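Subject: A structure for you to look at

Hello,

I am passing a structure on to you, together with some notes on what turned up in it. Please open it first and keep it beside you as you read.

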Amino acid sequence: MGTGTALATDPHVVSCTLAPRFEAVRTAREFARSTLQGWGLGELFDDVSLVASELVTNALRHALGAAEPARLPMQPGPRQAADAALPIRISLVHRAPQVVCAVSDPSSTGPVAREADFVAESGRGLHLVDSFSRSWGWHPLAGAGKVVWALFEAAPFERAPFEAASYEATSGSAAAGRHRRSA
């Protein structure tokens, strides 16, 4: 898996520490693929992979600040403990029928979705996260840092008949509703 170190103590809660390099996005996708396939949930890969890519990219761009991820060391340096955690971690949690993709980083500043700008080359990531996940949000971590998460349904989302008809009539779609929670 390139630049990551995967950890698993519970087979349904798996984490991968990512090096602060742009290659970490590819590592996150590879981690998502192997984990979802191991759980028999390969059909979720496209959505989870896209969201994981966006969340890891945001962590690299915004949480690490002015540091250039491509120039940071891949392994802990002599001043760091050998078991020191790298600053970005992706975790996948499977609690049937749901899967959560969570990315933690050292910044305590929460993500902010920008107004869609159709000519800008960036700024659509959180809109994609919102579109491809059932819900998403973020929480501060004790001390410093945050975790940004996205929830996926591993099985088709079933609505009560009245709720589905009401939702379709008001929105023109039967897609699962979205909501955000933040700290």
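Below I go from the whole chain to two pairs of helices and then to one histidine.

Please keep in mind that this is a predicted model.

**The whole chain**

The protein chain has 183 residues, and 39% of them are buried. It contains four helices and seven strands. If you follow the chain from the N terminus, the elements come in the order β-β-α-α-β-β-α-β-β-α-β. Among contacts with a separation of 6 or more, 62% are between residues 24 or more positions apart. The exposed area of the protein chain is about 10,300 Å², with 55% of it supplied by carbon and sulfur atoms.

**Two helix pairs**

Two packed helices are described by the angle between their axes and by the distance between those axes. Helix α2 is a good place to try this out, as it appears in both pairs below.

Start with helix α1 (residues 24-38) and helix α2 (residues 45-63), whose axes come within 9 Å and cross at roughly 150°. Angles over 145 degrees count as roughly antiparallel, so α1 and α2 are roughly antiparallel to each other. The crossing of α1 past α2 is right-handed. On the α1 side, the residues that meet α2 are A24, V25, A28, R29, A32, R33 and L36, and their partners in α2 are F45, V48, S49, S53, V56, T57 and L60. Sorted by class, this contact has nine nonpolar, three polar and two charged residues.

Now turn to α2 and helix α3 (residues 125-132). Their axes are 9 Å apart, and the helices pack at an angle of about 150°. By the cut-off given above, α2 and α3 are therefore roughly antiparallel to each other. Here the crossing is left-handed. D47, L50, V51, E54, L55 and N58 are the α2 residues in this contact, and they meet G125, L126, L128, V129 and F132 in α3. By class, the contact of α2 with α3 has seven nonpolar, two polar and two charged residues.

**One histidine**

Last, find H94 in strand β3 (residues 88-95). Is H94 buried or exposed? Its relative accessible area is 13%. Buried means under 20%, so H94 is buried. Which residues is H94 in contact with, leaving aside its neighbours within four places in sequence? They are H12, W39, L41 and V99.

Enjoy exploring, and do write back with any questions.

Best wishes

Terms used
Residues numbered from 1 in each chain as written. Predicted model: local features only at pLDDT ≥ 70, side-chain atom pairs only at ≥ 80, totals over all residues. Heavy atoms only, no water. Axes fitted to C-alpha atoms, helices over the stretch in contact; angles between N-to-C directions. Helix = DSSP H or I, 4+ residues; strand = E, 2+ residues; numbered from the N terminus. Parallel < 35°, antiparallel > 145°, perpendicular 65-115°, else oblique. Left-handed = near helix turned anticlockwise from the far one by under 90°. Contact = heavy atoms within 4.5 Å. Nonpolar A, V, L, I, M, F, W, Y, C, P; charged D, E, K, R; others polar. Buried < 20%, exposed > 50% of the residue type's maximum accessible area, 1.4 Å probe, protein only. Areas by Shrake-Rupley, 256 points an atom, 1.4 Å probe, with all protein chains shown as cover.
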